[in-house]
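Let's take a walk through this protein together, starting with its charged pairs and moving on to its sheet and helices. Keep the model open as you read.

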Amino acid sequence: ADGIAVVVAYKQVPVLDTTGTPLSYNENRMVSGEKVADSIRSAGGRAVAIDADLLDARSAQVLFDFAEESFGPVDILVHNASGWLRGDSFLPNRVDEAGRISTEVVGELIDLTFGVDAKAGALLIAQFARRYLDRDATWGRIVTLTSGSTGGFPGEVTYGAAKAALESYTLSAFRELAKTGVTANVLYPPVTDTGWVNDGVRRFVESDSDHIH
(Lines give C-alpha, C1' and ligand atoms only; values in the text may rest on other atoms or scores of the structure.)
Protein backbone atom coordinates (compact mmCIF):
# COMPACT_ATOMS: atom_id res chain seq x y z
CA ALA A 1 0.00 0.00 0.00
CA ASP A 2 2.99 2.30 0.58
CA GLY A 3 4.54 1.44 -2.79
CA ILE A 4 7.24 -0.84 -1.41
CA ALA A 5 8.17 -3.81 -3.58
CA VAL A 6 8.28 -7.03 -1.56
CA VAL A 7 10.49 -10.08 -1.89
CA VAL A 8 8.95 -13.00 0.00
CA ALA A 9 11.53 -15.56 1.10
CA TYR A 10 9.97 -18.83 2.21
CA LYS A 11 10.71 -22.47 2.90
CA GLN A 12 8.06 -25.15 2.94
CA VAL A 13 8.86 -27.08 6.10
CA PRO A 14 6.86 -30.05 7.37
CA VAL A 15 6.65 -30.01 11.15
CA LEU A 16 6.17 -33.36 12.85
CA ASP A 17 4.97 -32.17 16.21
CA THR A 18 3.06 -34.20 18.78
CA THR A 19 3.03 -31.74 21.67
CA GLY A 20 -0.44 -30.28 21.18
CA THR A 21 0.25 -27.86 18.34
CA PRO A 22 -2.80 -27.78 16.02
CA LEU A 23 -2.50 -29.48 12.65
CA SER A 24 -3.21 -26.15 10.92
CA TYR A 25 0.23 -24.87 12.01
CA ASN A 26 1.96 -27.70 10.19
CA GLU A 27 -0.25 -27.14 7.15
CA ASN A 28 0.47 -23.41 7.08
CA ARG A 29 4.22 -24.02 7.09
CA MET A 30 3.81 -26.07 3.92
CA VAL A 31 2.15 -23.23 2.00
CA SER A 32 4.22 -21.64 -0.78
CA GLY A 33 5.28 -18.01 -0.43
CA GLU A 34 3.80 -17.50 -3.87
CA LYS A 35 0.43 -17.28 -2.13
CA VAL A 36 1.59 -14.18 -0.22
CA ALA A 37 3.15 -12.64 -3.32
CA ASP A 38 -0.05 -13.27 -5.28
CA SER A 39 -2.12 -11.49 -2.65
CA ILE A 40 0.16 -8.45 -2.84
CA ARG A 41 0.05 -8.37 -6.63
CA SER A 42 -3.73 -8.81 -6.59
CA ALA A 43 -3.97 -5.69 -4.44
CA GLY A 44 -1.93 -3.73 -6.99
CA GLY A 45 1.50 -4.07 -5.39
CA ARG A 46 4.76 -5.52 -6.60
CA ALA A 47 5.99 -8.79 -5.16
CA VAL A 48 7.98 -11.90 -5.99
CA ALA A 49 8.62 -15.05 -3.98
CA ILE A 50 11.68 -17.27 -3.69
CA ASP A 51 12.22 -20.61 -1.99
CA ALA A 52 15.26 -20.17 0.24
CA ASP A 53 16.82 -22.45 2.83
CA LEU A 54 18.25 -20.11 5.45
CA LEU A 55 20.31 -22.95 6.93
CA ASP A 56 22.50 -22.58 3.83
CA ALA A 57 25.00 -19.78 4.49
CA ARG A 58 24.90 -18.86 0.79
CA SER A 59 21.20 -18.00 0.95
CA ALA A 60 21.80 -14.42 2.11
CA GLN A 61 23.74 -13.56 -1.04
CA VAL A 62 21.23 -15.45 -3.21
CA LEU A 63 18.31 -13.54 -1.70
CA PHE A 64 19.92 -10.14 -2.17
CA ASP A 65 20.97 -10.96 -5.72
CA PHE A 66 17.41 -12.05 -6.48
CA ALA A 67 15.95 -8.91 -4.91
CA GLU A 68 18.27 -6.62 -6.86
CA GLU A 69 17.53 -8.43 -10.13
CA SER A 70 13.80 -8.16 -9.45
CA PHE A 71 13.43 -4.62 -8.12
CA GLY A 72 16.81 -2.97 -7.51
CA PRO A 73 18.79 -2.25 -4.32
CA VAL A 74 17.29 -3.36 -1.00
CA ASP A 75 16.34 -0.52 1.34
CA ILE A 76 14.42 -2.52 3.96
CA LEU A 77 15.31 -5.84 5.57
CA VAL A 78 12.63 -7.60 7.62
CA HIS A 79 13.48 -10.57 9.83
CA ASN A 80 10.41 -12.77 10.16
CA ALA A 81 11.84 -16.26 9.68
CA SER A 82 11.52 -18.93 12.33
CA GLY A 83 13.44 -22.16 12.68
CA TRP A 84 11.05 -23.39 15.37
CA LEU A 85 10.53 -27.13 15.26
CA ARG A 86 9.33 -27.93 18.77
CA GLY A 87 9.46 -26.59 22.28
CA ASP A 88 12.34 -27.74 24.48
CA SER A 89 13.15 -27.47 28.15
CA PHE A 90 15.79 -28.27 30.74
CA LEU A 91 12.96 -30.21 32.40
CA PRO A 92 12.11 -32.97 29.89
CA ASN A 93 8.38 -33.54 29.37
CA ARG A 94 7.64 -30.18 30.94
CA VAL A 95 4.03 -29.13 30.44
CA ASP A 96 3.57 -25.38 30.08
CA GLU A 97 0.65 -23.21 31.11
CA ALA A 98 -1.01 -23.83 27.74
CA GLY A 99 -0.79 -27.61 28.06
CA ARG A 100 2.04 -28.11 25.57
CA ILE A 101 4.79 -30.67 26.24
CA SER A 102 8.47 -29.74 25.80
CA THR A 103 11.23 -32.14 24.81
CA GLU A 104 14.78 -32.07 26.16
CA VAL A 105 17.47 -29.74 24.84
CA VAL A 106 19.50 -31.43 22.09
CA GLY A 107 22.22 -30.29 19.71
CA GLU A 108 20.26 -30.94 16.52
CA LEU A 109 17.49 -28.57 17.58
CA ILE A 110 19.99 -25.91 18.69
CA ASP A 111 21.78 -26.03 15.32
CA LEU A 112 18.54 -25.80 13.36
CA THR A 113 16.96 -23.02 15.42
CA PHE A 114 20.07 -20.88 15.72
CA GLY A 115 20.90 -21.53 12.08
CA VAL A 116 17.67 -19.92 10.91
CA ASP A 117 16.88 -17.37 13.62
CA ALA A 118 20.36 -16.13 14.51
CA LYS A 119 23.05 -17.12 11.98
CA ALA A 120 20.93 -16.40 8.91
CA GLY A 121 19.79 -13.12 10.44
CA ALA A 122 23.37 -12.00 11.00
CA LEU A 123 24.38 -12.92 7.45
CA LEU A 124 21.39 -11.06 6.00
CA ILE A 125 22.31 -7.94 7.97
CA ALA A 126 25.90 -8.27 6.75
CA GLN A 127 24.74 -8.46 3.11
CA PHE A 128 22.41 -5.52 3.65
CA ALA A 129 25.14 -3.39 5.22
CA ARG A 130 27.83 -4.19 2.64
CA ARG A 131 25.62 -3.42 -0.33
CA TYR A 132 24.14 -0.34 1.35
CA LEU A 133 27.58 1.11 2.04
CA ASP A 134 28.93 0.17 -1.40
CA ARG A 135 26.27 2.27 -3.10
CA ASP A 136 26.66 5.18 -0.65
CA ALA A 137 22.99 4.97 0.31
CA THR A 138 21.55 7.34 2.91
CA TRP A 139 18.28 5.65 3.94
CA GLY A 140 17.77 2.11 5.18
CA ARG A 141 15.66 0.11 7.61
CA ILE A 142 16.17 -3.14 9.49
CA VAL A 143 13.11 -4.56 11.24
CA THR A 144 13.34 -7.63 13.46
CA LEU A 145 10.28 -9.45 14.77
CA THR A 146 10.86 -11.35 17.99
CA SER A 147 9.04 -13.47 20.51
CA GLY A 148 11.73 -13.44 23.15
CA SER A 149 12.13 -11.66 26.42
CA THR A 150 14.90 -10.74 28.82
CA GLY A 151 13.49 -13.22 31.34
CA GLY A 152 14.19 -16.27 29.20
CA PHE A 153 11.69 -18.48 27.41
CA PRO A 154 10.68 -21.44 29.61
CA GLY A 155 9.40 -24.37 27.61
CA GLU A 156 11.02 -23.09 24.41
CA VAL A 157 14.50 -22.30 25.70
CA THR A 158 16.36 -22.74 22.41
CA TYR A 159 13.87 -20.70 20.41
CA GLY A 160 14.04 -17.91 22.99
CA ALA A 161 17.84 -17.95 23.03
CA ALA A 162 18.02 -17.79 19.23
CA LYS A 163 15.64 -14.82 19.15
CA ALA A 164 17.72 -13.12 21.84
CA ALA A 165 20.80 -13.56 19.65
CA LEU A 166 18.99 -12.01 16.68
CA GLU A 167 17.89 -9.11 18.86
CA SER A 168 21.53 -8.53 19.82
CA TYR A 169 22.62 -8.57 16.17
CA THR A 170 19.90 -6.04 15.36
CA LEU A 171 20.85 -3.70 18.20
CA SER A 172 24.50 -3.93 17.18
CA ALA A 173 23.47 -2.99 13.65
CA PHE A 174 21.63 0.01 15.05
CA ARG A 175 24.71 1.23 16.91
CA GLU A 176 27.07 0.67 14.01
CA LEU A 177 24.91 1.82 11.09
CA ALA A 178 22.84 4.65 12.57
CA LYS A 179 25.28 7.31 11.38
CA THR A 180 24.86 6.05 7.80
CA GLY A 181 21.09 6.56 7.81
CA VAL A 182 20.00 3.06 8.82
CA THR A 183 17.56 2.50 11.66
CA ALA A 184 17.27 -0.95 13.24
CA ASN A 185 14.31 -1.83 15.43
CA VAL A 186 13.16 -4.93 17.29
CA LEU A 187 9.39 -5.41 17.41
CA TYR A 188 7.68 -7.66 19.94
CA PRO A 189 4.13 -8.20 18.61
CA PRO A 190 1.43 -9.81 20.73
CA VAL A 191 0.44 -13.44 20.23
CA THR A 192 -0.17 -13.92 16.51
CA ASP A 193 -2.11 -16.98 15.46
CA THR A 194 -0.45 -18.50 12.42
CA GLY A 195 -2.10 -21.80 13.20
CA TRP A 196 -0.25 -22.80 16.38
CA VAL A 197 -2.67 -21.39 18.95
CA ASN A 198 -4.74 -24.05 20.68
CA ASP A 199 -7.42 -23.68 23.36
CA GLY A 200 -4.81 -23.93 26.11
CA VAL A 201 -2.84 -21.07 24.62
CA ARG A 202 -5.98 -18.96 24.33
CA ARG A 203 -6.84 -19.49 27.99
CA PHE A 204 -3.28 -18.68 29.02
CA VAL A 205 -3.18 -15.45 26.99
CA GLU A 206 -6.51 -14.32 28.39
CA SER A 207 -5.18 -14.73 31.93
CA ASP A 208 -1.68 -13.33 31.28
CA SER A 209 -1.46 -9.67 32.31
CA ASP A 210 1.79 -9.19 30.36
CA HIS A 211 0.00 -9.93 27.08
CA ILE A 212 -3.16 -8.06 28.06
CA HIS A 213 -1.22 -4.88 28.69
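A salt bridge here is a side-chain nitrogen of Lys or Arg within 4 Å of a carboxyl oxygen of Asp or Glu. Please bear in mind that you are looking at a predicted model. In general terms, side chains of opposite charge can pair when their charged atoms come close. By the rule just given, the count comes to nine salt bridges.

Begin with Asp51 and Lys11, which form a salt bridge whose closest N and O atoms are 3.5 Å apart. The pair links distant parts of the chain: Asp51 belongs to strand β2 (residues 47-51), while Lys11 sits in the loop between β1 (6-10) and α1 (23-28), and 40 residues separate the two. Asp51 has a relative accessibility of 40%, so Asp51 counts as partly exposed. Lys11, with 41%, counts as partly exposed too.

Next, find Asp56 and Arg58, whose side chains meet in a salt bridge at 2.9 Å from N to O. Are these partners buried or exposed? Asp56 counts as partly exposed because its relative accessibility is 28%. Arg58 has a relative accessible area of 61% and is therefore exposed.

Now turn to Asp75 and Arg135, another salt bridge, with the closest N and O atoms 3.2 Å apart. Asp75 lies in the loop between α3 (59-70) and β3 (76-79), and Arg135 in the loop between α4 (107-134) and β6 (140-145), so this pair ties together parts that are 60 residues apart in sequence. Asp75 is partly exposed at 35% relative accessibility, and Arg135 is partly exposed at 29%. Salt bridges can also share partners, and in this way Glu34, Asp38 and Arg41 are joined into one network.

While you are looking at the loop between α4 and β6, pause at Asp136, which lies there. Phi of Asp136 is near 55°, a positive value in a residue other than glycine. Asp136 counts as exposed, because its relative accessibility is 65% and the cut-off for exposed is over 50%.

From that loop, follow the chain into the sheet. Strands of a sheet pair through backbone hydrogen bonds, either parallel or antiparallel. Which arrangement do the three strands of the open sheet have? Their order is β3-β6-β7, and the pairing is parallel. At the edges are β3 and β7 (182-187), each of which pairs on one side only. From one strand to the next, the twist averages 10°. The parallel strands β6 and β7 are joined by six bridges, and you can find Thr144 standing opposite Val186 in β7. Against this sheet packs α4, which touches β3, β6 and β7 and whose direction makes about 175° with that of β3.

Helix α4 also has a helical neighbour to look at. Two packed helices are described by the angle between their axes and the distance between the axes. For α4 and helix α5 (residues 157-177), the axes come within 8 Å and cross at roughly 15°. Angles under 35 degrees count as roughly parallel, and α4 and α5 are therefore roughly parallel to each other. Their crossing is right-handed. To see the contact itself, highlight residues of α4 including Leu109, Phe114, Ala118, Gly121 and Ile125, which are part of the set that meets α5. On the α5 side, the residues in this contact include Tyr159, Ala162, Leu166, Tyr169 and Ala173.

Past the last strand of the sheet you come to Pro190, in the loop between β7 and α6 (199-207). Pro190 counts as exposed because its relative accessibility is 60%. The C-alpha atoms of Pro190 and Thr146 are separated by 9.9 Å, although the two residues are 44 residues apart along the chain.

Finally, step back to view the whole protein. How many helices and strands does the secondary structure come to? There are seven helices and seven strands, and along the sequence they follow the pattern β-α-α-β-α-β-β-β-α-β-α-β-α-α. Of the protein's 213 residues, 36% count as buried. Among contacts with a separation of 6 or more, 69% are accounted for by residues 24 or more positions apart.

Methods. Residues numbered from 1 in each chain as written. Predicted model: local features only at pLDDT ≥ 70, side-chain atom pairs only at ≥ 80, totals over all residues. Heavy atoms only, no water. Helix = DSSP H or I, 4+ residues; strand = E, 2+ residues; numbered from the N terminus. Buried < 20%, exposed > 50% of the residue type's maximum accessible area, 1.4 Å probe, protein only. Pairing = 2+ DSSP bridges. Axes fitted to C-alpha atoms, helices over the stretch in contact; angles between N-to-C directions. Contact = heavy atoms within 4.5 Å. Parallel < 35°, antiparallel > 145°, perpendicular 65-115°, else oblique. Left-handed = near helix turned anticlockwise from the far one by under 90°.
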